[in-house]
Amino acid sequence: MVKFEDIQSYGKEQFEQAVANATTFQSGVTAIANAYGEHVKKQFEETKSFAEKLSGVKSLDKALEAQSDYARTSYETFVADAQKIAGLYGDLAKQTFKPLEGLVAKFTPAAN
């Protein structure tokens, strides 16, 4: 049986956990935002490099080669960055819900 005093005593602890959780959440969101920013910067640089390379070609074969190189590099960058960002989202979810595991365990009746 859960007593009111038990719930009240967890109030301060839960508040402190909520503050720590908010800080962790903010750090995770910042890391995700930075990863998106890095991805956009890489894509911009790759596109700029492709445009410069394409403007200097003198044959259709070289233009197709430049386009193929750009498509391959762009795809590889996207996949790598998407995996990194997905990992950051996963880490954020785990960190965000971790404090709830302890709370649920405290208020779950033990099996006899």
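This note sets out points on the helices, the surface and selected residue contacts of a predicted model.

1. Overall composition. The protein contains 2 helices and 0 strands. Helix α1 covers residues 4-55, and helix α2 covers residues 60-107. Among contacts with a separation of 6 or more, 83% join residues that are 24 or more positions apart.

2. Burial and surface. The protein has 112 residues, of which 14% count as buried. Its exposed area is about 8,700 Å², and 62% of that area is supplied by carbon and sulfur atoms.

3. The aromatic pair. The structure holds 1 aromatic pair. Its members are Phe-50 and Tyr-70, whose ring centres lie 4.5 Å apart and whose planes meet at 20 degrees; the pair is therefore stacked, since planes under 30 degrees apart are classed in that way. Phe-50 belongs to helix α1 and Tyr-70 to helix α2, so the pair ties together parts that are 20 residues apart in sequence.

4. Accessibility of the two rings' residues. Are Phe-50 and Tyr-70 buried or partly exposed? Phe-50 has a relative accessible area of 17% and is buried, because the class takes in values under 20%. Tyr-70, at 24% relative accessibility, counts as partly exposed. The stacked pair thus consists of a buried Phe-50 and a partly exposed Tyr-70.

5. Gln-43. This residue is placed in helix α1. With a relative accessible area of 18%, Gln-43 is buried; the value falls under the 20% limit for that class. Which residues does Gln-43 contact, leaving aside its neighbours within four places in sequence? The partners are Ser-74 and Thr-77. Helix α2 spans residues 60-107, and the contacts of Gln-43 are with Ser-74 and Thr-77.

6. Ile-32. Ile-32 is likewise placed in helix α1. Its relative accessible area is 5%, and Ile-32 is buried. When residues up to four places away in sequence are not counted, Ile-32 touches Ile-85, Leu-88, Tyr-89 and Leu-92. A further spatial relation concerns Lys-84: Ile-32 and Lys-84 are separated by 52 residues in sequence, while their C-alpha atoms are 9.1 Å apart in space.

7. Residues of helix α1 taken together. Phe-50 lies in helix α1, as do Gln-43 and Ile-32. Their relative accessible areas are 17% for Phe-50, 18% for Gln-43 and 5% for Ile-32. Phe-50 pairs with Tyr-70, Gln-43 is in contact with Ser-74 and Thr-77, and the partners of Ile-32 include Ile-85 and Leu-88.

Technical notes: Residues are numbered from 1 along each chain as its sequence is written. This is a predicted model: local features need pLDDT of at least 70, side-chain atom pairs count only at pLDDT 80 or more; totals for chains, interfaces and linings use all residues. Side-chain values use heavy atoms; hydrogens and water are left out. Rings of Phe, Tyr and Trp (its six-membered ring) pair if their centres lie within 6.5 Å; planes under 30 degrees apart count as stacked, over 60 as edge-to-face and the rest as tilted. Helices (H or I, at least four residues) and strands (E, at least two) are DSSP runs, numbered from the N terminus. Buried means under 20% relative accessible area, exposed over 50%, partly exposed in between (1.4 Å probe, protein chains only). Contact means heavy atoms within 4.5 Å. Accessible areas come from the Shrake-Rupley method with a 1.4 Å probe; for residues, only the protein chains shown count as cover.
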